[in-house]
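Dear colleague,

Please find below the structure that I am handing over to you. My notes on it follow directly after.

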Amino acid sequence: MEIYRGLVLAERSAGERGKFIDVLTEHNTVREIYVRGAKKNTSAGLSATQLFSYANFSIRKQQKGLYLDSAEPIRIFYRLRESLSRLSLAMYFSELVRLSVREHQTPEENCFVMRLMLNTLHYLENGERSEALLKSIFELRLMTELGMMPDLLMCRSCGVFLPKRLYFSVEEGCFFCADCGAPENLRSPILLRAPVLQAMRHILFADYNRLYQFQLGQENLRALGECTERFVQYHLSLKPRALTFYQSVAHPSAPSNVT
């Protein structure tokens, strides 16, 4: 018997009565758990096994895997369902964690993926921060927690600390000031202004009680979002399906002019 706290990242039907849930545990692992009778309204711990439920799980190991014995909810982020945009963004966060944590195991004493996930869902559910800001914070801080933090201390060429304009290299995970210019071998470096660099540094190094305490103008926020999204996709070699859906909801394409 194992007992631990966890957050439900995904759920899948299994037969007529059961389901599988993927749970991010307090030990920074993702575990697949079978829930018997999950489709019955009388099922014990039904609310605790919903998507985005944070709960205490009691698990039994059997030959074929892990089975839920009981679950007690701590917090259920139910209000995410009130907005399709927020819900789809939360699903993107969940898919990122499911795909990356399994591949890049990190020592639990140096990893705070659970805290990052819970805190981001809190702000997303309450609408206290913009979706674009939360998306960038989550993407870049997750990469940091997984041991793939970019080098943003100084210009890779001349060592200047805070240039007014700079080029960020997604592939190299570093920047070059505008005076030095981006090396010719870089593919599509992103031109940024100093506030974006400062925001990225804040995301990398701030304590969790200060992580979400900054703002950016729309143009700089858009540039930050391009950096963090491309950085995640390149270094994790993936593009979650949930991201495509979120983008279609949050930024629907303009009507086609083709007749």
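**The sheet and the helices packed on it**

Strand 6 (residues 165-169) and strand 7 run antiparallel and are joined by four bridges. Helices (H or I, at least four residues) and strands (E, at least two) are DSSP runs, numbered from the N terminus, and two strands pair if DSSP finds at least two bridges between them. Within this pairing, Phe168 has Phe175 of strand 7 as its bridge partner.

Please note that this is a predicted model, in which local features need pLDDT of at least 70 and side-chain atom pairs count only at pLDDT 80 or more, while totals for chains, interfaces and linings use all residues. Residues are numbered from 1 along each chain as its sequence is written, and side-chain values use heavy atoms, with hydrogens and water left out.

Strand 6 and strand 7 belong to an open sheet of three strands, with antiparallel pairing and the order 7-6-8. Its edge strands, each pairing on one side only, are strand 7 (174-177) and strand 8 (190-193). From one strand to the next, the twist averages 35° (axes are lines fitted to C-alpha atoms, for helices over the stretch in contact, and angles run from 0 to 180 degrees between N-to-C directions). Helix 4 (residues 194-205) packs on the sheet and touches strand 6, strand 7 and strand 8, where contact means heavy atoms within 4.5 Å. The direction of helix 4 makes about 90° with that of strand 8. Helix 5 lies across strand 6 and strand 8, and runs at about 135° to strand 8.

**Helix 2 and Asn28**

Ten of the 14 residues of helix 2 are buried, so this helix is largely enclosed by the rest of the structure. Buried means under 20% relative accessible area, exposed over 50%, and partly exposed in between (1.4 Å probe, protein chains only). Among the buried residues are Val113, Leu116, Tyr123 and Glu125. After helix 2 comes Gly127, with a positive phi near 70°.

The backbone nitrogen of Val113 lies 3.4 Å from a polar atom of the Asn28 side chain. Asn28 is located in the loop between strand 2 (18-25) and strand 3 (30-35). Its phi is positive, near 60°, in a residue other than glycine. With 4% relative accessibility, Asn28 counts as buried.

**Ser237**

Ser237 also has a positive phi, of about 55°, although it is not a glycine. Ser237 lies in the loop between helix 5 (218-236) and helix 6 (241-250), and is exposed, with a relative accessible area of 65%.

With kind regards

Methods: Polar contact = N/O pair within 3.5 Å; in protein donor to acceptor, adjacent residues only side chain to side chain.
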